[in-house]
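Student: I would like a close look at one pocket of this protein. Please walk me round the lining, then out to the contacts beside it.

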Amino acid sequence: MATTAHTGHFGDQVREFWRGLKHGRPGHRFQDHYERSRREEKKSGHAWLRIAIFIGGAVCLVIGGVLTVIPGPAIPFFFLAGGLFATESRIIARGMDWAEVRSRKMAAWAKKHWKRLPKAARVVLTVIGAACSAGLTYLTYRMMAG
């Protein structure tokens, strides 16, 4: 399993961070990452990194919040924020693992049922979803514009 190195180029550290999460066991990957981070922090003694991770997570959370008015793009930012916060909090790591397992089950259920639908029903549901999304985006704009 890959470990997150706190020395070297920042881009390498980010790639190593995501590699560790990607190859982790579903339902345990965030808690395992939390444990690795604690061990490596003790070795390196870089307290500033914890602050940087928290700030990065907060920035991603804010970006995700702003992007909620646009369907879709907010989700990766919320996931990124959760991953960063899970580095620093065992409670958040457990919550992320719990959410991952539940969301995988929901996605599998939805995929199974989506494939069973006739093509016309999928087209109709896609158009309805897009119309609802556009409507909610417009309503959000109107509420924010006054």
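**The second largest pocket and its surroundings**

Tutor: Start with Trp-18, which counts as partly exposed because its relative accessibility is 27%. Keep in mind that this is a predicted model. Trp-18 is found in helix H1. It is also one of the residues that line the second largest pocket.

First, the setting. The protein chain has six helices and zero strands. Along the sequence the pattern reads α-α-α-α-α-α. The chain has 146 residues, and 27% of them count as buried.

Now the pocket itself. Rolling a probe the size of a water molecule over the atoms shows where empty space is left. The second largest pocket holds about 270 Å³ of space. Its lining includes Trp-18, Leu-21 and Lys-22. Arg-29 and Phe-30 line it too. So do Ile-75, Phe-78 and Phe-79. Met-96, Ala-99, Glu-100 and Ser-103 complete the list.

Where do these residues come from? Helices H1 (10-22), H2 (29-44), H4 (74-88) and H5 (90-116) each give at least two residues to the lining. H5 provides the largest share, with four residues. By class, the lining has eight nonpolar residues, one polar residue and three charged residues.

Go back to Trp-18 and look across the chain. Trp-18 and Gly-83 are 65 residues apart along the chain. Their C-alpha atoms are separated by 9.0 Å.

Phe-30, another lining residue, gives a second pairing of this kind. In sequence, Phe-30 and Thr-87 are 57 residues apart. In space, C-alpha to C-alpha, they are 7.5 Å apart. Thr-87 lies in helix H4. Its relative accessibility is 4%, so Thr-87 counts as buried. The cut-off for that label is under 20%.

Next, the charged part of the lining. Side chains of opposite charge can pair when their charged atoms come close. Glu-100, which lines the pocket, meets the side chain of Arg-104 in a salt bridge. The distance is 3.1 Å, N to O. Why are the two about one helical turn apart? They are separated by that much because they sit four residues apart in helix H5. The two ends differ in cover. Glu-100 has 12% relative accessibility, so it counts as buried. Arg-104 has a relative accessible area of 46%, so it is partly exposed.

The pairing extends further. Arg-29, Glu-100 and Arg-104 are linked in a network of salt bridges. Two members of that network, Arg-29 and Glu-100, are on the list of lining residues.

The structure holds four salt bridges. Take the one between Glu-35 and Arg-90, whose closest N and O atoms are 2.4 Å apart. This pair links distant parts of the chain. Glu-35 is in helix H2 and Arg-90 is in helix H5, 55 residues apart. Glu-35 is partly exposed, because its relative accessible area is 29%. Arg-90 is partly exposed as well, with a relative accessible area of 35%. H2 and H5 both appear among the helices that supply the pocket lining.

Then there is the bridge between the side chains of Arg-25 and Asp-32. The N to O distance is 3.3 Å. Arg-25 is partly exposed, with a relative accessible area of 46%. Asp-32 has 23% relative accessibility, so it also counts as partly exposed.

Finally, turn to a patch on the surface. Ile-51, Phe-54, Ile-55, Val-59 and Ile-63 make a nonpolar surface patch of about 460 Å². Phe-54 has its place in helix H3 (residues 47-66). Phe-54 counts as exposed because its relative accessibility is 52%. The cut-off for that label is over 50%.

To recap, the pocket is lined by residues from H1, H2, H4 and H5, among others if any. Eight of the lining residues are nonpolar and three are charged. Glu-100 belongs to that lining, and it is linked with Arg-29 and Arg-104 by salt bridges.

Note on methods: Residues are numbered from 1 along each chain as its sequence is written. This is a predicted model: local features need pLDDT of at least 70, side-chain atom pairs count only at pLDDT 80 or more; totals for chains, interfaces and linings use all residues. Side-chain values use heavy atoms; hydrogens and water are left out. Patches are made of residues with over 30% relative accessible area and no salt bridge: like charges are joined within 9 Å, nonpolar side chains (Val, Leu, Ile, Met, Phe, Trp, Tyr) within 5 Å. Accessible areas come from the Shrake-Rupley method with a 1.4 Å probe; for residues, only the protein chains shown count as cover. Buried means under 20% relative accessible area, exposed over 50%, partly exposed in between (1.4 Å probe, protein chains only). On a 1 Å grid over the protein atoms alone, a cavity is a set of points where a 1.4 Å probe fits but cannot get out, and a pocket is an open set with protein on both sides within 12 Å along at least five of seven lines; lining residues have an atom within 4 Å of a point. Grid points are joined across faces, edges and corners, and a volume is the space filled by probe spheres set on the points. Ala, Val, Leu, Ile, Met, Phe, Trp, Tyr, Cys and Pro count as nonpolar, Asp, Glu, Lys and Arg as charged, and the others, Gly among them, as polar.
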